[in-house]
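The following exercises ask the reader to derive structural descriptions from coordinates. Each task is followed by a solution in steps.

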Amino acid sequence: MIGQMLGHYRVVAKIGEGGMGVVYRGHDEVLHRDVALKVVKKDSRLDPTAGKNLLQEARASSSLAHPNICTIYEVGETNGELYIVMELVEGKSLRALIGEMGLPAESVLRYGVQIASALVRAHDKGIVHRDLKSANIVVTADGLVKVLDFGIAKRIGSEVSQGTTLMFDSQKEPSTVSGTLTYMAPEVLRGEGADFRSDLWALGVVLYEAASGRLPFAGRTTFEVSSAIMREMPKPLGPPVPAGLWAVIQRCLVKEPMQRYRRAGEVQAALEAVQSAVIVSSDAGVDRSAPATTVLHGVRHVQVKKGDSLLLVGTTKGAFLLQSNAQRKRWKVGGPYFHGQAVYAMAYDGRMGQHRIWASTQSIWGTLLRSTDDFGKSWTNPQEAAIRFPSDSGVSLKNIWQITLGRPEEPNVLYCGVEPAALFESHDSGETWSLMRGLFDHPHRHRWMPGNGGLALHTIVVDPTESQRMYVAISAGGVYRTDDGGNNWTPQNRGVRVMFMPNKYPEFGQCVHKIVMHPNRPERLFLQNHWGLYRSDDHGENWNDIANGVPSDFGFAMVMHPRNPDCVYVVPVESDEFRCTCDGRLRIYRTRNAGASWEALVRGLPQKGAHETILRDAMTADSHDPVGIYFGTRSGKLFGSSDEGRTWQKILEGLPPVACIRSAVVEDASVAARPRLRKTSSRATSSATSSRRKPRMTNKSRKKRR
Amino acid sequence: MIVPVTVYIPAPLREFSEGQSKVEIEESPATLAGALAALWILFPGLRDRIATEQGEIRQHINIFIGDEDVRFTGGLASRVPAGAEISIVPSITGG
């Protein structure tokens with residue numbers, strides 16, 4: 001079989017063999033992707049009717065696009081070989097992972113929630129698995145569960161059973177039949193047929209098995225097993241299995257189907273509830289422990305070495321710099337810098353061997369862009385503001401919301417997004433700035449409406465592959481894109497809903513809160529809207545809803561994983577009115593499949609009474625492996641995870657409200673700062689008073705001046 | 001004899017007035033705009049902190065000529081009498 005073609009699939013290698021047939025790794029010569037090819041055994045071939053049913057079911061199953069379901073691509077027949085083409089999933093079967101003692105409750109819950117989620121999708125589509133078992137569930141290296149053989153395994157299995165054994169006493173294939181038998185619900189054994197609730201029974205068996213390492217209903221013979229399923233109660237599971245998990249399992253394993261959970265969604269919700277309770281109780285000490293931080297008093301500075309991690313934290317009353325080594329377990333704090341001034345934007349520029357930190361400061365004295373080349377020991381305080389609207393614009397700068405670096409090949413280029421909504425650019429490392437008129441003069445500008453935070457251009461995304469393309473996000477104007485370096489801008493909001501407008505899908509005017517892009521997938525953008533989570537796969541032309549399984553699609557912050565273009569972090573908040581984390585639980589949500597599903601990351605985060613708000617720029621990722629994720633709250637707490645969000649620790653509390661966070665890994669702190677470019681333009685001379693005679697101070701003042 | 005106009009500089013801005021809290025201008029500016037223009041030339045760093053790029057006094061900065069808030073006396077066009085004392089006073093803001 002190896003090397004042969006089945007349709008347009010080349011058979012590459014044998015992966016395994018089961019009751020149904022042999023599984024091969026195959027390669028799709030048309031779509032150029034690896035697949036799994038299940039070639040159905042000749043002796044288990046179906047009669048023509050059954051074959052038709054298999055095809056129908058496989059077609060139905062192929063519509064089950066869900067991250068926890070192994071996708072079936074196709075069922076085909078070539079030269080008398082019937083084969084099923086499916087997604088190639090690399091991992092271990094849950095059966096193999098369980099072992100003799102079972103898995104920790106945390107893992108059982110994590111996998112259980114995903115299996116239940118797969119059932120929710122299938123049942124919604126009217127598809128029953130019919131043969132859910134631990135051997136049919138694969139767990140990938142990063143903990144993602146994939147349920148295999150939806151809608152086909154049992155179809156073939158039952159035909160095989162009927163064709164070869166009829167009764168469950170086959171001597172020929174005892175393991176296959178009995179293996180399936182142990183997951184069978186009483187009503188199936190009675191011959192009443194399988195439905196959604198028999199899948200929930202099987203889920204109960206899988207959870208029992210995963211929690212304890214043994215099956216709930218066992219016996220030496222098939223008769224004993226069947227008898228146990230029909231009549232006996234499973235042996236109770238005590239600690240370390242949480243009581244809540246045992247209660248869920250029991251309700252799945254009620255003999256009478258009508259008394260079980262009614263829907264897979266109920267099982268999923270129940271498991272999630274246990275999950276958060278387990279986390280609260282096992283991490284109860286985390287909140288009480290002292291933050292892993294050395295708090296320095298007064299304005300202190302951090303010492304930075306090569307390879308150190310830095311966090312730049314902007315608050316409504318000043319900026320802080322946090323330093324740690326690559327382990328990122330303990331942090332030292334420098335600052336506060338700019339006492340009493342709001343710092344809504346910070347950036348680290350390590351291009352061309354420099355290590356410059358940028359900050360915008362806002363106070364009653366105006367808004368300025370400041371920078372330091374010595375990790376905060378000295379900051380620029382320019383005589384005049386470099387970012388200023390031209391006098392013919394009629395508007396004045398209110399705040400700088402975003403500082404974004406240009407492309408790596410343009411190391412002197414910087415962008416600033418400001419309020420009122422406009423974009424400024426610098427081509428001399430921030431010495432001089434100019435308003436990008438193409439956007440400022442856009443005919444839509446006068447129809448943009450200020451959001452709660454003012455009319456701000458808060459997000460700038462530079463396409464790394466197209467030198468003339470970039471995106472901006474404006475609240476509330478929406479997403480705009482230029483393909484010609486900023487001369488022309490087009491709104492890119494198709495499919496993004498506006499809850500607060502009569503026309504729900506206008507051309508522009510969306511209150512977009514954040515957009516992110518991975519440099520390796522520049523055609524794809526993710527968007528957190530004022531209500532709504534979206535993804536675009538075509539440079540923002542069209543957006544699709546990806547709020548699959550988040551407690552709310554309202555939120556502000558959104559962060560892209562630096563290496564995995566399918567991985568995004570968000571923080572759902574309860575409502576437009578409340579704008580705090582849902583249910584008083586501080587949960588970061590992560591997708592690792594580009595939004596097909598989201599998982600809650602809670603370990604180490606407070607899960608009771610945590611009414612927190614995380615602003616749009618108050619979350620960031622670092623570039624370490626594993627990636628560090630950090631966020632700050634309006635209540636002045638700073639949390640971090642050095643394992644991609646799996647576990648969290650409180651880094652600091654008692655800060656002023658956190659407005660922004662950025663991270664940096666310092667390549668070489670010893671490199672001398674790049675000399676600042678000499679100022680070429682002289683805006684001061686353009687002031688109306690410059691041509692006048694210089695006024696004189698009195699002698700008294702002059703004396704003091706000396 | 002020219003009677004100088006005195007401008008009082010608030011503490012947060014003194015790094016731009018070489019530390020001085022009081023600057024005397026040997027001019028006889030007729031209006032507040034003229035007095036401030038003279039001040040900007042002596043100490044350029046003060047301009048962008050007191051006025052916007054459109055030349056307006058920033059929202060939370062109050063300027064008094066003597067005891068009078070210029071908001072009620074004509075703003076930048078307010079008359080500056082000889083020997084006047086001009087005070088730059090930040091608003092008391094919350095938060």
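**Exercise 1. A strand and its neighbours**

Strand 30 of chain A is joined to strand 31 (residues 588-591) of chain A by 3 bridges, and the two run antiparallel. The model is a predicted one.

Task: Determine which strands pair with strand 30 of chain A, and establish the order of strands in the sheet.

Solution.

Step 1. On the side of strand 31, Val570(A) stands opposite Tyr589(A).

Step 2. Strand 29 of chain A also pairs with strand 30 of chain A, in the antiparallel sense and over 5 bridges. In that pairing, Met560(A) has Val568(A) of strand 30 as its bridge partner.

Step 3. Extending the pairings gives an open sheet of 4 strands in chain A, in the order 29-30-31-32, with antiparallel pairing. Strand 29 and strand 32 (599-601) of chain A have a single partner strand each and stand at the edges, so one side of each lacks a neighbour in the sheet. From one strand to the next, the twist averages 30°.

**Exercise 2. Burial of strand 30**

Task: Decide whether the two faces of strand 30 of chain A are covered or open.

Solution.

Step 1. In a regular strand, side chains alternate between the two faces of the sheet.

Step 2. Val568(A), Val570(A) and Pro572(A) lie on one side of strand 30 of chain A, with Tyr569(A), Val571(A) and Val573(A) on the other.

Step 3. The criterion for burial is 20 or more other C-beta atoms within 10 Å. The residues named on both sides are all buried, and both faces are therefore covered.

Step 4. The count for strand 30 (residues 568-573) of chain A is 6 buried residues of 6, so the strand is largely enclosed by the rest of the structure.

**Exercise 3. The nonpolar cores**

Task: Identify which residues touch the most other members of the largest nonpolar core, and which strand gives the most to this core.

Solution.

Step 1. The largest nonpolar core has 114 residues, of which Met346(A) and Ala557(A) touch the most other members.

Step 2. Strand 29 (residues 554-560) of chain A gives the most to this core, namely 6 residues.

Step 3. Leaving aside residues up to four places away in sequence, Ala557(A) touches Lys514(A), Val570(A), Val571(A), Ile614(A), Leu615(A), Arg616(A), Ala618(A), Met619(A) and Phe631(A).

Step 4. Another core, of 75 residues, lies apart from it; Ile72(A), Val139(A), Leu148(A) and Leu203(A) are among its members.

**Exercise 4. A helix pair**

Task: Classify the packing of helix 3 and helix 7 of chain A by orientation and by handedness.

Solution.

Step 1. The axes of helix 3 (residues 105-124) and helix 7 (residues 196-212) of chain A come within 10 Å and cross at roughly 165°.

Step 2. Angles over 145 degrees count as roughly antiparallel. Helix 3 and helix 7 of chain A are therefore roughly antiparallel to each other.

Step 3. The crossing of helix 3 of chain A with helix 7 of chain A is right-handed. Residues making the contact include Val108(A), Ile115(A) and Leu119(A) of helix 3, together with Leu203(A), Val206(A) and Leu207(A) of helix 7 of chain A. One of these, Leu203(A), also belongs to the core of 75 residues.

**Exercise 5. Chain B**

Task: Describe the element order of chain B, then state how helix 1 of chain B is covered and where Gly55(B) is placed.

Solution.

Step 1. Chain B contains 2 helices and 5 strands, running β-β-α-α-β-β-β from the N terminus. Of its 95 residues, 36% are buried.

Step 2. In helix 1 (residues 32-42) of chain B, 8 of the 11 residues are buried, and the helix is mostly covered. Among the buried residues are Leu32(B), Leu36(B), Leu39(B) and Trp40(B). The covering elements include strand 1 (5-8), strand 2 (22-25), helix 2, strand 3 and strand 5 (85-90) of chain B.

Step 3. Gly55(B) sits in the loop between helix 2 (44-50) and strand 3 (61-65) of chain B. It counts as partly exposed because it has 15 C-beta neighbours inside 10 Å. Its C-alpha atom is separated by 9.4 Å from that of Leu76(B), 21 residues apart along the chain.

Methods
Residues numbered from 1 in each chain as written. Chains lettered and ligands numbered in written order. Predicted model: local features only at pLDDT ≥ 70, side-chain atom pairs only at ≥ 80, totals over all residues. Core = buried A, V, L, I, M, F, W, Y, C linked by C-beta atoms within 7 Å. Buried ≥ 20, exposed ≤ 12 C-beta atoms within 10 Å, placed from the backbone. Contact = placed C-beta atoms within 7 Å. Pairing = 2+ DSSP bridges. Axes fitted to C-alpha atoms, helices over the stretch in contact; angles between N-to-C directions. Parallel < 35°, antiparallel > 145°, perpendicular 65-115°, else oblique. Left-handed = near helix turned anticlockwise from the far one by under 90°.
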